[in-house]
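Here's a quick tour of a protein structure for anyone new to reading them. Have a look at the picture first, then work through the points below.

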Amino acid sequence: MSKKNKAILPDPSELKEEILSKYPKKVAKKRAGSIVINDPEEHQVQQSNVRTIPGIITQRGCCYAGCKGVVLGPTRDIVNLTHGPIGCGFYSWLTRRNQTDAGADGTNFIPYCFSTDMQDSNIVFGGEKKLAQAIREAYEIFKPHAISIFSTCPVGLIGDDIHTVARTMKKELGINVFGFSCEGYKGVSQSAGHHIANNRIFTDVVGLDDSVRPGKYRINLLGEYNIGGDAFELENYFEEIGITLVSTFSGNSSILDFENSHMVDLNMVMCHRSINYIAEMMEKKYGVPWIKVNFIGAEATAKSLRKIAEYFEDDEMMAKVEKLIRREMQEVTDTLKDVKPRCEGKLAMMFVGGSRAHHYQELFTEIGMQTVSAGYEFAHRDDYEGRKVLGSIKVDADSRNIEELEVEKDEKLFRKDLPEKKAKLEAKGYKFSDYEGMMPDMDKNSLVIDDISHWESEKLIEYYKPAIFCAGIKEKYVIQKYGIPLKQLHSYDYGGPFAGFKGAVNFYKEIDRMVNTRIWKLIPPPWKDQPEIVAKFADAEY
Amino acid sequence: MLLRHTPKEIKERSALTVNPAKTCQPIGAMYAALGIHGCLPHSHGSQGCCSYHRSTLTRHYKEPVMAATSSFTEGSSVFGGQANLLTAINNIFTIYEPDVIAIHSTCLSETIGDDLKQISEKAKEEGKVPLGKHVIYCNTPSYVGSHVTGYANMLKGIVDYFPESTGKKVDCLNLISGWVEPADMREVKRMAKMMGANTIIFPDTSDVLDAPQTGRYTMYPKGGTSISELIASGNSKASLGFGEWATKDAAIKLENKCKVPFEITDLPIGLCATDRFVQALSKLAEVTIPESITTERGRLVDVITDYQQYLYGKRVALWGDPDQLIPLVEFLLDLDMKPVYIVSGTPGKKMAAKLEKLLSEKVPEARYKNGELADMFLMHQWIKNEPVDLLIGNSYGKYISRDENIPFLRMGFPIMDRVGHSYFPTVGYMGGIRILEKILGLLMDKQDADSPETSFELVM
């Protein structure tokens with residue numbers, strides 16, 4: 001987004017010291033690298049994607065959550081079968097609010113939770129037979145196009161071979177069956193699960209359907225999960241500007257679209273963290289280039305739409321884009337005129353995800369609010385510092401366990417024209433495969449914190465007294481007990497959409513409502529400042 | 001249709017659970033531990049477990065739910081989680097200063113065989129547990145039982161650690177609470193006070209998970225059973241556990257450990273279960289049942305007599321936990337309603353036996369199942385074969401309710417889409433009135449919505 005005029009905030013070194021002083025020495029040393037006082041002009045290393053310190057009270061979840069919950073959860077026509085004790089399947093059942101249109105074929109398994117509900121006998125004697133039988137039963141009852149298996153912690157430990165079961169059942173049933181070894185303990189956060197999901201989708205699904213979908217231009221939108229209907233908004237834009245959206249990974253998605261997703265002219269990456277792997281692999285194998293887009297924020301949306309039209313070098317499309325922007329910006333401008341005076345100058349902070357903590361700063365900037373501190377829950381250094389650091393990231397033991405696929409060129413389907421197009425555009429300054437990260441966009445002396453702990457958020461609140469704090473459900477009511485509203489940026493507090501122009505309008509209004517609602521002022525009872533009256537009553541004898 | 005793939009035809013399943021009517025043990029242990037004052041629950045497993053449990057409890061209560069995790073990695077899963085847990089204990093006491101850390105295991109740490117007793121002793125030996133602070137623990141393998149089992153196991157862990165017997169009994173009754181809402185625990189305390197009984201209740205999540213908005217966050221809210229009370233419970237003259245699945249093991253343990261005799265009753269949900277609870281309380285605490293309690297009972301009976309016509313013969317499908325379902329079924333029968341379908345993922349043969357006793361004569365057509373494969377999918381199929389007038393269960397019922405156009409009363413765990421369950425009790429006579437108010441509201445709203453204009457009633 002690159003804000004032009006960056007502000008200089010007060011130096012929070014003292015706050016950082018105070019935060020660290022509470023920690024045991026070793027912990028303080030480890031956390032020091034994750035708390036960085038930002039300087040957008042200087043390149044600084046942001047420690048991230050490292051192990052969470054036990055007991056510190058983290059926001060993070062696990063590998064399974066990243067794989068099943070985030071990446072595969074929103075796909076409506078796969079029976080997503082959790083292999084494990086009941087909890088993992090239960091907790092990831094409908095809780096991420098990925099909205100779905102069941103489409104023409106009417107297949108939608110999202111409201112269902114499928115589990116092998118492993119019992120102690122399965123732990124002792126192995127759960128492979130039960131898994132195979134569960135797949136058989138799922139097929140008999142639901143007749144899905146595909147079934148996928150998600151491993152939970154004990155599965156890896158007892159050595160159930162889900163991939164062999166998947167292959168056997170694929171043969172037996174004649175449908176696609178594939179497994180994800182996404183045991184919760186893998187990696188250091190949800191991020192490992194994203195990677196595992198990307199890998200298996202790429203090897204077992206992408207490329208199964210080589211047909212060419214109708215339309216002049218074909219694209220994929222990667223890393224958009226249709227929380228609160230975000231993807232629905234964007235689908236309309238693509239249709240309007242004359243682009244065929246082959247697949248979205250994975251909001252409002254169908255596995256049939258994934259199968260065909262390699263037959264496109266361009267990949268657009270929304271959430272860089274969770275999906276860049278597929279973008280990279282598709283480029284290597286099929287020659288499809290990718291660009292980073294951002295549809296959070298009105299200006300960012302306009303910029304992204306223009307960038308797409310520039311890629312296709314199509315004047316007609318550009319005219320449509322400009323028309324769309326002009327039309328949609330009217331409501332944006334009108335809303336800003338109303339909302340901005342009530343929000344301007346207020347402080348925000350956000351600790352969430354692997355892109356949202358960056359993208360949402362854009363929206364706050366548009367209503368004149370300043371992001372004083374931000375950080376990701378499960379991002380890597382490239383999400384903070386930009387992809388330029390990719391070559392220099394040291395791969396540690398936790399990441400080494402996550403498979404890095406060797407991808408080769410598909411001689412038959414490789415689009416030779418696309419790399420040529422890419423080279424030509426690059427020569428004109430058009431940026432591909434590029435993400436500059438969060439830090440260059442943040443103000444000087446803003447505090448960038450990776451994998452923030454509960455203690456750190458407490459201290460931040462005391463220090464900055466922000467008007468709003470953005471995080472997730474676990475943090476929501478903690479922060480609100482301070483009398484400060486918390487906006488959930490995972491679930492949107494059951495609102496949305498927040499993507500695109502309409503989404504921006506929704507968000508401005510939402511933040512205005514949250515920071516200006518009367519209830520925060522009504523917290524102290526009216527008698528709080530009248531001690532003498534209370535004392536009189538208390539002393540009197542009745 | 002949201003559950004459009006649920007067929008009417010029921011096929012036998014032996015391995016696939018669809019739309020479960022239970023979740024796993026650790027979340028119950030976490031909830032129970034929150035009922036100790038100054039306690040931080042700790043999940044010994046992968047980060048996801050702790051995150052999922054905190055999220056689910058938070059969605060249910062809309063309150064801070066604090067807990068820590070051992071953050072297992074692949075390394076700790078291979079070499080054991082001892083180092084992680086020792087680090088966690090040290091960090092938690094240093095940074096968050098709780099009085100108690102209540103550790104529960106997970107399927108991961110259970111499968112690798114981490115010994116919580118040995119690790120917590122080692123933490124003590126290494127000076128990681130400050131003087132006057134406590135580390136308690138329980139085993140909660142997710143592949144055994146359900147969330148209710150986990151709750152029961154944490155209560156056992158509490159009893160294992162705290163109660164002490166001086167050999168001299170005092171005039172005090174332990175109330176061991178089953179898995180109920182903060183409002184229910186508050187209501188039980190109110191009733192005991194009305195009866196003049198001297199009691200210690202544990203766990204007690206009132207003033208923890210229904211804390212007021214004061215503009216000041218405190219990590220350890222004022223509620224929760226205090227450590228001194230938990231220690232003193234060993235000297236009480238008796239224990240009354242309400243909710244057999246949740247409390248019986250702890251009550252037995254306390255009897256064995258400190259010679260505190262016990263009785264178990266159903267959760268006091270509805271008329272007769274509350275009668276038995278009140279009588280047991282009166283007997284064990286050696287107090288008379290005051291007029292004020294009798295009056296409350298009378299009010300409940302009065303509401304039933306006033307509105308019986310709207311309840312008679314109405315078919316109900318229920319899902320949830322045995323401790324709630326059994327007295328609730330009994331109550332529905334007392335209302336002349338017909339609980340026809342009942343499922344619970346929580347195992348235990350005694351549930352079927354109890355339901356058999358309650359239902360065999362009054363509702364011979366009733367179908368019920370608990371344990372493995374007793375899921376909401378099966379219940380929905382039963383409904384598709386012969387519909388019901390009312391659904392009672394947790395929030396996941398809203399999908400069936402909408403698809404089948406059936407009124408839906410939210411009771412149980414989790415309730416993520418409505419307010420009230422944590423503030424207004426469903427136990428005791430007053431709780432009975434609340435259940436009735438809810439049921440009647442739903443049935444009468446439906447009548448109002450469906451009745452032809454000619455017979456639309458003002459007075460009902």
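How many helices and how many strands are there in chain A? Chain A has 22 helices and 14 strands. Keep in mind as you read that this is a predicted model.

**Chain A as a whole**

- Chain A has 542 residues and a radius of gyration of 25 Å; a compact globule with that many residues would come out near 24 Å, so the two agree.
- Lined up along its principal axes, the C-alpha atoms of chain A fill a box of roughly 85 × 65 × 45 Å.
- Of the 542 residues in chain A, 57% are buried.
- Take the contacts in chain A between residues at least 6 apart in sequence: 77% of them join residues at least 24 apart.

**How chain A is divided**

- The domain assignment splits chain A into domain 1 (13–59 + 362–378 + 438–522), domain 2 (63–184) and domain 3 (218–342 + 384–427).
- Between the C-alpha centres of domain 1 of chain A and domain 2 of chain A there are 34 Å.

**A four-stranded sheet in chain A**

- Here 4 strands of chain A make an open sheet with parallel pairing, and their order is β7-β6-β8-β9.
- At the edges stand β7 (244–250) and β9 (290–292) of chain A; each has a single partner strand, so one side of each has no neighbour in the sheet.
- From one strand to the next, the twist averages 20°.
- Strand β8 (residues 266–269) of chain A runs parallel to β9(A), and 3 bridges join them.
- If you want to spot that pairing, look for A:Val269, which sits opposite A:Lys292 in β9(A).
- Lying across β6 (218–224) and β7 of chain A is helix α10 (residues 230–240) of chain A, which runs at about 160° to β6(A).

**Strand β13 of chain A and its partners**

- In a regular strand, side chains alternate between the two faces of the sheet.
- Strand β13 (residues 468–471) of chain A is covered on both faces: A:Ile468 and A:Cys470 are buried on one side, while A:Phe469 and A:Ala471 are buried on the other.
- One partner is strand β10 (residues 347–351) of chain A, which runs parallel to β13(A) and is joined to it by 3 bridges. In this pairing, A:Ala348 faces A:Ile468 in β13(A).
- Another parallel partner is strand β14 (residues 486–488) of chain A, also joined to β13(A) by 3 bridges. Here A:Cys470 has A:Lys487 in β14(A) as its bridge partner.
- Together, β13(A), helix α20 (residues 473–480) of chain A and β14(A) form a right-handed β-α-β unit.

**Over to chain B**

- Chain B is assigned domain 1 (25–144), domain 2 (170–212 + 219–286) and domain 3 (293–452).
- The C-alpha centres of domain 1 of chain B and domain 3 of chain B are 35 Å apart. These two domains do touch: 4 residues of domain 1 of chain B are in contact with 5 residues of domain 3 of chain B.

**One residue to find: B:Tyr310**

- You'll find B:Tyr310 in helix α12 (residues 291–311) of chain B.
- Is B:Tyr310 buried or exposed? It's partly exposed, because B:Tyr310 has 16 C-beta neighbours inside 10 Å, and a residue needs 20 or more to be buried or 12 or fewer to be exposed.
- Leaving out residues up to four places away in sequence, B:Tyr310 touches B:Leu440, B:Leu443 and B:Met444.
- B:Leu443 is 133 residues from B:Tyr310 along the chain, but their C-alpha atoms are separated by 7.4 Å.

Note on methods. Residues numbered from 1 in each chain as written. Chains lettered and ligands numbered in written order. Predicted model: local features only at pLDDT ≥ 70, side-chain atom pairs only at ≥ 80, totals over all residues. Domains from an automatic or database assignment. Helix = DSSP H or I, 4+ residues; strand = E, 2+ residues; numbered from the N terminus. Contact = placed C-beta atoms within 7 Å. Rg over C-alpha atoms; globule rule 2.2 N^0.38 Å. Pairing = 2+ DSSP bridges. Axes fitted to C-alpha atoms, helices over the stretch in contact; angles between N-to-C directions. Right-handed = clockwise from strand over helix to strand, strands pointing away.
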